[in-house]
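Q: Please take a close look at one part of this protein with me, starting at the beginning of the chain. Then carry on to the rest of it from there.

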Amino acid sequence: MYRAFLIKYAEIAIKGKNRYIFEDALVEQIKYQLREVEGKFRIVKEMGRIFVYAETDFDYEETVEALKRVFGIFSICPAVVLEDQGFDKLAEDVADYVKKLYGDKALTFKVNTRRNKKTYPMQSMEVSSALGGVILDACPNMKVDVHKPDVFVNVEIRSKIYLYSENIPGPGGMPLGTNGSAMLLLSGGIDSPVAGYMIAKRGVKIDAVYFHAPPYTSERAKQKVVDLAKLVAKYSGPIRLHVVNFTDIQLYIYDKCPHEELTIIMRRYMMKIAEEFAKKDGCLGLITGESIGQVASQTIHSLAATNEVCTLPVFRPVIGFDKQEIVDVALKINTYETSILPYEDCCTIFVAKHPVTKPNLQVIKRSEEKLQDKIEEMLKEAVETAETIICE
């Protein structure tokens, strides 16, 4: 029945030149998400709407699922496309459409008409009123309710006429690439993939860095992170994942620094390395999955201590979330089952029995002075020997 999808934007207040940037980015992301869907599609911008036309047979469910991964889409409306052959033909087509869609169901409805074609001989209210009468005649079990209807029957009159009733929620947000790029510190846990998804939803292109610690972490742990990056990439587009061998740095810190400060000091050097990759990739910020108070390294004091080494802003989109709220998003984006696979990452291997929760920055810096003989060269080597994997 459907040969087109009418796309409504999430950020409807965007105006002027920015609107064209928004629309063009949205069209590109729609093309990207549909690239592997069965069928051939044509995408058209037209006066506040984007239309996705199916030019061949296509997989309806697969197409809808692909569009639901496009940030910036507020709703997806499967539409019947009609030629303007006069009101009588429109009335006939509307009656057939509603009967096919709702049959004998006892529902209340309202007709909404949007008349972009100003030369159409009837006003929007006239069209809605007349079509409401046609539907009542064709479907006697249905009743009009203009305040809280069960269903809307929408008619958009343009160069063609678009008829739709179903509004499938999109993900919202803004199209990828409209708000710069940022570097995600990606682990094998639940939180960081969710953080990457949430920042990408605001139009930010993301790359990622993962800290690998062989032989203390296995190749399966590394593959787990690659798999998580690929799952996030279903929404964010391709992710450049930089895999950093962090073993020597961790062992050096473990050998030279007080063990209760291990987590904070290692975290500070992770942030330094992540920022190095961010600057190389042209990113304007870092992203972490930290939530206040969830673990010792995520107290306010600890976050302040790790932030101190960064010159780029650090975005923490789940900072105020409870764990279950993070899990809910992970389930929604299909990363949860992968995140809970039992493979250790470098953050869980070198954990102190009694980590400091209120680190004193000056004390931390004094401890780091014990690393000065070798640490800069080790950081340089870690960056230069990193493996980059394209995840999509």
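A: A residue is called buried here when its relative accessible area is under 20%, and exposed when that figure is over 50%. Keep that cut-off in mind, and remember that you are looking at a predicted model.

Let's start with strand β1, which spans residues 4-9. β1 is mostly covered, with 6 of its 6 residues buried. The cover is found on both faces: Ala-4, Leu-6 and Lys-8 lie on one side and are buried, and Phe-5, Ile-7 and Tyr-9 are buried on the other.

Now for the partners of this strand. Strands of a sheet pair through backbone hydrogen bonds, in a parallel or an antiparallel sense. β1 runs antiparallel to strand β3 (residues 49-54), and 4 bridges join the two. To find this pairing on your screen, look for Leu-6, which stands opposite Phe-51 in β3. β1 also pairs with strand β4 (residues 73-82), again in the antiparallel sense, over 6 bridges. Here a handy landmark is Ala-4, whose bridge partner in β4 is Ala-79.

A little further along the chain, Val-155 belongs to strand β7 (residues 151-157). Its relative accessibility is 1%, so Val-155 counts as buried. Val-155 and Val-80 are 75 residues apart along the chain, yet their C-alpha atoms are separated by 9.8 Å. An unreviewed UniProt entry places the annotation "domain: THUMP" at residues 61-168. Over that stretch the chain is 35% helix and 30% strand, and the C-alpha atoms of its two ends are 12 Å apart.

Next comes the place where two domains contribute to one pocket. The lining of the second largest pocket takes at least three residues from each of domain 1 (4-169) and domain 2 (181-391). This pocket holds about 280 Å³ of space and is lined by 14 residues. Gln-33, Arg-35, Glu-36, Arg-69 and Lys-234 lie nearest its centre. By type, the lining has 8 charged, 5 nonpolar and 1 polar residues. Three helices, α1 (16-33), α2 (60-67) and α6 (219-236), each provide at least two of the lining residues, and the largest share, 5 residues, comes from α6.

Beyond the pocket, there is an open sheet of 6 strands to follow. Its order is β14-β13-β10-β11-β12-β15, and its pairing is mixed. β14 (314-315) and β15 (387-391) stand at the edges with a single partner strand each, so one side of each has no neighbour in the sheet. The partner of β14 is strand β13 (residues 286-287), and these two pair in the parallel sense over 2 bridges. Look there for Ile-287, which stands opposite Phe-315 in β14.

Within this sheet, strand β10 (residues 181-185) contains Leu-185. At 7% relative accessibility, Leu-185 counts as buried. The unreviewed UniProt entry lists Leu-185 under the feature "binding site", along with Leu-186, Tyr-210, Phe-211, Arg-267, Gly-289 and Gln-298.

Finally, follow the chain to residues 361-388, where the unreviewed UniProt entry places a "coiled-coil region". In the model this stretch is 64% helix and 7% strand, with its end C-alpha atoms 33 Å apart.

Conventions: Residues numbered from 1 in each chain as written. Predicted model: local features only at pLDDT ≥ 70, side-chain atom pairs only at ≥ 80, totals over all residues. Heavy atoms only, no water. UniProt positions renumbered as here; feature names shortened; annotations may be inferred. 1 Å grid on protein atoms, 1.4 Å probe; cavity = no way out; pocket = protein on both sides within 12 Å on 5 of 7 lines; lining within 4 Å. Points joined across faces, edges and corners; volume = space filled by probe spheres on them. Nonpolar A, V, L, I, M, F, W, Y, C, P; charged D, E, K, R; others polar. Domains from an automatic or database assignment. Buried < 20%, exposed > 50% of the residue type's maximum accessible area, 1.4 Å probe, protein only. Pairing = 2+ DSSP bridges.
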